[in-house]
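Work through the exercises below with the sequence and the structure in view. Try each task before reading its solution.

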Amino acid sequence: LARLAAAFVDWGTPTAEALTQVHRILPDVPLIASGGLRGGIDMAKCLALGADLAGMAGPFLKAAATSTEQVLAVIGHVATEIRLCMFATGSVNLHALRADKLRRVA
């Protein structure tokens, strides 16, 4: 199974690239970023790249297999990461975060 999974490592378009392309071509279409997001930093990046919403399931499903308390802890951690991203970019709210210009690192 590991060998089979390895064959798909570079499969598809990375979320950030897909968001950038779709937002550039269809700036007025609401975008929902999903797939491969693992935390608040990923969600904040998606919002900054033009997504209207960002969703993830994996971290919550893993936590749910343990306990309700673990799910609440993950929610708190994700929220804290988003707040720290907002602080680091000087964004007073999510709208301001979405308006920020990110620069691509080569």
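The exercises that follow concern a predicted model.

**Exercise 1. Overall layout**

Task: State how many helices and strands the chain has, and in what pattern they follow one another.

Solution. Step one is the count: the chain has 6 helices and 2 strands. Step two is to read along the sequence, which gives the pattern α-α-β-α-β-α-α-α. Step three is the extent: the C-alpha atoms fill a box of roughly 35 × 35 × 25 Å along the principal axes. Last comes the surface: about 7800 Å² is exposed by the chain, and carbon and sulfur atoms supply 64% of that area. Of the 106 residues, 25% count as buried.

**Exercise 2. The nonpolar core**

Task: Find which residues have the most contacts inside the largest nonpolar core, and which helix gives the most to this core.

Solution. Start with the core itself: it has 20 residues, and Met43 and Cys46 have the most contacts inside it. Next, look for the elements that supply it: helix 3 and helix 5 (68-89) each provide at least two residues. Helix 5 gives the most, with 6 residues. Finally, take Cys46 and leave aside its neighbours within four places in sequence: Cys46 is then in contact with Thr15, Leu19, Ala33, Leu37, Ala51 and Ala54.

**Exercise 3. The cover of helix 3**

Task: List the buried residues of helix 3 and name elements that cover them.

Solution. First, the buried residues in helix 3 are Gly40, Met43, Ala44, Cys46, Leu47 and Ala48. Second, their cover includes helix 2, strand 1 (32-34), strand 2, helix 5 and helix 6. Third, look past the end of the helix: Gly50 follows helix 3 and has a positive phi, near 120°.

**Exercise 4. A salt bridge across the chain**

Task: Locate the salt bridge and decide whether its two residues are buried, partly exposed or exposed.

Solution. A search of the whole structure finds 1 salt bridge. Arg98 and Asp52 form this bridge, with their closest N and O atoms 3.5 Å apart. The pair links distant parts of the chain, 46 residues apart: Arg98 lies in helix 6 (residues 94-99), and Asp52 in the loop between helix 3 (40-48) and strand 2 (53-55). For the second part, the partly exposed class lies between 20% and 50% relative accessible area. Arg98 has 28% relative accessibility, so Arg98 counts as partly exposed. Asp52 has 38%, so Asp52 is partly exposed as well.

**Exercise 5. A buried charge**

Task: Find the nearest side chain of opposite charge to Glu81, and say how far away it is.

Solution. Begin with the position: Glu81 is in helix 5. Glu81 is buried yet has no salt bridge. The nearest side chain of opposite charge is that of Lys45, 10.0 Å away. A salt bridge needs a distance within 4 Å, so this pair does not qualify. Then check the surroundings: not counting residues up to four places away in sequence, Glu81 touches Gly39, Gly40 and Ile41.

**Exercise 6. A nonpolar surface patch**

Task: Identify the residues of the nonpolar surface patch and place Trp11 in the chain.

Solution. The patch is formed by Leu1, Leu4, Phe8 and Trp11, which together have about 580 Å² of accessible area. Trp11 sits in the loop between helix 1 (2-6) and helix 2 (15-25). The cut-off for exposed is over 50% relative accessible area. Trp11 has 67% relative accessibility and therefore counts as exposed.

Key. Residues numbered from 1 in each chain as written. Predicted model: local features only at pLDDT ≥ 70, side-chain atom pairs only at ≥ 80, totals over all residues. Heavy atoms only, no water. Helix = DSSP H or I, 4+ residues; strand = E, 2+ residues; numbered from the N terminus. Buried < 20%, exposed > 50% of the residue type's maximum accessible area, 1.4 Å probe, protein only. Core = buried A, V, L, I, M, F, W, Y, C linked by side-chain atoms within 4.5 Å. Contact = heavy atoms within 4.5 Å. Patch = residues over 30% accessible without salt bridge, like charges linked within 9 Å, V, L, I, M, F, W, Y side chains within 5 Å. Areas by Shrake-Rupley, 256 points an atom, 1.4 Å probe, with all protein chains shown as cover. Lys, Arg positive; Asp, Glu negative; His and termini not counted.
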